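Me: Hi! I'd like to walk through a structure together, a bit at a time. Can I just throw questions at you as I look?

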Amino acid sequence: MRQPMYYQMLAKAIISNADGIGDAIDQYLAKADEDLEDQLKDEGYLEPKATVEAINSMEEDIADILHDQTDAVVEVLQNAEEEGATWKIVQQRIKELEENDDIAAQVTDAAQDMYDTEVTELATSYIKESDGELTVSTLRARTSSWISEWSAQLGELMKISTHESLTSLIQDTISNGDSIATLTQKILEGGWRSEYYQAKRVAVTEVLRAHSVAAEEGIQQSPACDRREWRHTGAHKNNPRPNHVAMDHQIVAKDEPFELLGRDGTVYHPMYPRDSILPASESVNCHCIHRGIANDDILGMSLEERRAMQQKIIEDDDGQWEKDLDSQNKAKAGIDPFDESESSKVKYDYEASVIDRKQIASSEYQKKFDSLGENKKVTRSIRAKAKEILRHRSGTMYEDLSYVDTKTGKSLINTSYDKASTCRPSRTMTKALKAADDYTVVGIHNHPNSSIPSIDDIRVAAARKYKYGVVVGHNGTIFKYTINGTVNEMNADIYLAKANSMLYNEDTEGLQQALEELSKNGVDLEVF
């Protein structure tokens with residue numbers, strides 16, 4: 001497992017000009033969309049137009065997150081200035097702000113959305129390089145797991161970097177003898193950071209990393225590929241890394257890593273360019289690509305045979321990944337990895353509860369949360385926690401619970417209660433709920449079977465004095481339920497069941513009638 005120092009170094013390299021690669025990536029950032037599209041095409045990236053669109057979309061998401069953080073810092077400084085507070089008080093308040101900010105969760109969500117959307121689509125383009133008749137409809141389990149883990153790591157390293165940058169800025173201001181007002185004005189005038197510049201640096205790096213992951217997925221799923229080739233591109237336009245130029249045309253077996261001699265003298269074994277095992281100096285702004293090499297004998301087989309082989313590749317790899325992951329988890333828990341007791345074989349894999357990751361990452365799904373009627377910050381928090389829950393519990397009958405305080409936007413979550421079809425708050429969540437004002441907290445949990453809220457959910461919402469509750473279905477449906485008075489539990493239970501039946505049978509008129517009756521019995525239920 002990588003140490004925190006690694007992620008701090010990577011954060012600085014991605015977000016600042018560390019490791020001497022800032023000038024190189026600026027060549028990407030300075031280009032207009034059309035020019036960037038042409039360069040990506042020249043360098044061998046597939047779907048260059050869609051890639052530029054993905055970069056712009058992620059840039060907007062990250063910039064929005066950074067702007068919100070800047071606004072929060074400015075608000076702290078302006079309040080302190082009005083009160084005549086000391087620098088010591090300012091530093092204390094900034095520390096509290098950093099402890100409560102959710103930049104890590106928001107960046108994680110933005111990265112996860114991008115990878116979930118781009119990798120599957122790009123993998124189909126890349127698999128067609130070796131077999132024009134095959135497509136990628138599902139990712140291997142190890143790839144989906146990598147997406148979740150790397151997105152979370154990226155969120156953490158962005159949090160570390162932005163907090164360190166802010167701390168350094170305040171310390172420099174104090175050392176210079178400047179006032180709080182001076183610092184406030186400096187930040188307002190862009191003297192702290194350029195949010196869009198930093199956001200685009202991250203977006204370019206991560207979208208190109210998505211290409212590498214997608215290319216690897218296409219290669220691994222293609223029965224025709226038996227070898228892989230590393231290609232260096234753009235040497236005539238950039239200041240290339242000599243060790244990457246030396247990698248050009250290195251060919252390895254399909255399941256073997258490449259061998260890269262790093263600038264630091266260390267020999268690395270990446271599976272593809274920009275592999276997250278590489279240090280920032282070998283990863284950020286890398287212009288390399290890799291390609292699969294096809295076996296003509298396999299291409300001579302029928303399409304049906306090749307599709308069957310592709311499916312077997314996925315199943316075999318998922319099976320091996322599950323075994324590896326199970327062994328790792330047992331080792332962490334101090335359990336004998338060779339324990340073959342019945343309890344160690346318990347497996348939850350319910351096809352109906354597997355989410356469509358591309359759907360969850362779509363703009364259409366994102367817009368559903370706007371119907372909750374909250375401000376941008378709270379909406380983003382609710383949406384991020386809802387998607388975190390769905391991704392965590394995809395393919396299981398387990399449920400997670402999250403609280404979002406609509407006064408502060410602060411969120412908490414419990415993801416460790418493993419009892420089927422049940423969720424409960426952690427002790428920290430229970431304390432936070434008691435400390436919050438009544439009817440200001442939103443409770444969010446998932447229903448793997450995508451059913452409407454149960455009568456138990458209604459009882460909990462009333463007892464805990466939620467502002468409202470949200471149930472997210474694994475099929476993409478969202479339910480908002482609000483207690484509007486005294487609940488007639490007997491009647492409410494009847495109309496909840498009826499509404500669920502009407503929803504399942506796609507009876508819009510019947511559903512509306514059931515919801516109207518439910519409202520008369522103390523519960524407003526909206527379906528998005």
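Me: Let's start small. Which residue does Tyr403 stand opposite in β7?

Reply: Happy to help! One thing to keep in mind is that this is a predicted model. In it, Tyr403 faces Leu412 of β7.

Me: And how do β6 and β7 pair, parallel or antiparallel?

Reply: Antiparallel: strand β6 (residues 401–405) and strand β7 (residues 411–414) are joined over four bridges.

Me: What do the two of them form?

Reply: They make a hairpin, with five residues between the strands. Look at Gly409 in the turn, which has a positive phi of about 80°.

Me: OK, on to the open sheet. In what order do its strands come?

Reply: The order is β2-β1-β5, so to speak from one side to the other, and the pairing of these three strands is antiparallel. β2 (250–253) and β5 (289–294) are at the edges with a single partner strand each, so each has one side without a neighbour in the sheet. From one strand to the next, the twist averages 30°.

Me: How many bridges join β1 to β2?

Reply: Four, linking strand β1 (residues 225–231) to β2. Within that pair, Trp230 stands opposite Gln250 of β2.

Me: Which helix packs on that sheet?

Reply: That's helix α9 (residues 195–221), which touches β1 and β5. The direction of α9 makes about 10° with that of β5.

Me: New topic: helices. At what angle do α19 and α20 pack?

Reply: Helix α19 (residues 489–504) and helix α20 (residues 508–520) pack at about 160°, and their axes are 8 Å apart. Angles over 145 degrees count as roughly antiparallel, and α19 and α20 are therefore roughly antiparallel to each other. The crossing of α19 past α20 is left-handed.

Me: Which residues make that contact?

Reply: On the α19 side they include Tyr495, Leu496 and Met502, and on the α20 side Leu511, Ala514 and Leu518 are among them. Sorted by type, the residues of this contact come out as ten nonpolar, one polar and two charged.

Me: Last thing, salt bridges. How many are there?

Reply: The count comes to 33 salt bridges. One of them joins the side chains of Lys376 and Asp68, at 3.4 Å from N to O.

Me: Where do Lys376 and Asp68 lie?

Reply: Lys376 is in helix α16 (residues 376–393) and Asp68 is in helix α4 (residues 48–83), so this pair ties together parts that are 308 residues apart in sequence.

Notes: Residues numbered from 1 in each chain as written. Predicted model: local features only at pLDDT ≥ 70, side-chain atom pairs only at ≥ 80, totals over all residues. Heavy atoms only, no water. Axes fitted to C-alpha atoms, helices over the stretch in contact; angles between N-to-C directions. Helix = DSSP H or I, 4+ residues; strand = E, 2+ residues; numbered from the N terminus. Parallel < 35°, antiparallel > 145°, perpendicular 65-115°, else oblique. Left-handed = near helix turned anticlockwise from the far one by under 90°. Contact = heavy atoms within 4.5 Å. Nonpolar A, V, L, I, M, F, W, Y, C, P; charged D, E, K, R; others polar. Pairing = 2+ DSSP bridges. Salt bridge = Lys/Arg side-chain N within 4 Å of Asp/Glu carboxyl O.
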